[in-house]
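Visitor: I would like to learn how to read a helix pair, and then a whole chain. Where do we start?

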Amino acid sequence: YRWVGVGPRRSGTIMHQDPLCTSAWNTLLLGRKLWLLLAPDTPKRVAKGKDVMQPEDDDEACNHFLDLLPRKRARQDPDFQPILCVQHPGETIYVPGNWWHCVVNLDDTIAVTQNYVGRHNFPQVWRSCRVERPCWSHRWLRCMEAKCPDLAAWAKRLNVEDGFDMNELRQKNRMRLLQHRRRRALNALKRAKQRSAAKGLALDEQAFLVQWQESQEAINSDSTASTTSSDSSETSASS
């Protein structure tokens, strides 16, 4: 997706890695942004500043620059090699896949940004997608078969080389979605029974479950639901 990000001064994006090993570009139209980048092999605890964070600290973007980064640099650790730069209007920042980055807006800003996959990073992104987005990756594969057959063949070769069974993981994901729906149905039934009991009414549980099921969308094998949790707040368009 391509995003237009509008952010006030002192807002920003906390330290994170972009999803699915994708690379990204960010073109600034108005204002200035301060960027902090760390290499992909930086441990998560170090990248997020947990190693220097104090109990009263916050981990918002501005706090990372004001509090956490100065403490880390004061240690003079030769293994800590941050890249810092100020982005001005008209400039584009390129963030390679898996690079940690934290951004704070020095002014009110407007920017355009996009995560993407190209031929240069296709193997990394494909290997990530087929695990973290098992249903969606099937749809992507079908699109590649129709539009970019050479990439589809490449993806299939990677699967064979890695001994990766997409259908097996897809089925596991579907079962997970079904189990999640069953839990939601039972919770809805429990609430309905409580409401009925409060009114002194009897509830036809079977009829309720049928009606509830009909009100839900069908389980879609092309769902973008992931088998892993992610912090969507860390991939906001602010960066």
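Guide: Start with a helix pair in this predicted model. Helix α4 (residues 134-147) packs with helix α6 (residues 166-198) at an angle of about 135°. Their axes are 8 Å apart.

Visitor: Is α4 oblique or roughly antiparallel to α6?

Guide: Roughly antiparallel needs an angle over 145 degrees. At about 135°, α4 is therefore oblique to α6.

Visitor: Which residues make the contact?

Guide: From α4 come P134, C135, S137, H138, L141 and R142. From α6 come M166, N167, L169, R170 and N173. The residues of this contact divide into 5 nonpolar, 4 polar and 2 charged.

Visitor: Now a single residue. Is N63 buried or exposed?

Guide: Buried means under 20% relative accessible area. N63 has 17%, so N63 is buried. N63 lies in helix α2, residues 61-74. Leaving out residues up to four places away in sequence, N63 touches D58 and L68.

Visitor: How far apart in space are N63 and L84?

Guide: They are 15 Å apart, C-alpha to C-alpha, and 21 residues apart in sequence.

Visitor: And the whole chain? How many helices and strands are there?

Guide: The chain has 7 helices and 8 strands. For overall shape, set the radius of gyration against that of a compact globule. A compact globule of 239 residues would be near 18 Å, but the chain has 23 Å. The C-alpha atoms fill a box of roughly 65 × 55 × 35 Å along the principal axes.

Visitor: What share of the residues is buried?

Guide: Buried residues make up 38% of the 239. The chain exposes about 14,100 Å², with carbon and sulfur atoms supplying 52% of that area.

Key. Residues numbered from 1 in each chain as written. Predicted model: local features only at pLDDT ≥ 70, side-chain atom pairs only at ≥ 80, totals over all residues. Heavy atoms only, no water. Helix = DSSP H or I, 4+ residues; strand = E, 2+ residues; numbered from the N terminus. Buried < 20%, exposed > 50% of the residue type's maximum accessible area, 1.4 Å probe, protein only. Contact = heavy atoms within 4.5 Å. Axes fitted to C-alpha atoms, helices over the stretch in contact; angles between N-to-C directions. Parallel < 35°, antiparallel > 145°, perpendicular 65-115°, else oblique. Nonpolar A, V, L, I, M, F, W, Y, C, P; charged D, E, K, R; others polar. Rg over C-alpha atoms; globule rule 2.2 N^0.38 Å. Areas by Shrake-Rupley, 256 points an atom, 1.4 Å probe, with all protein chains shown as cover.
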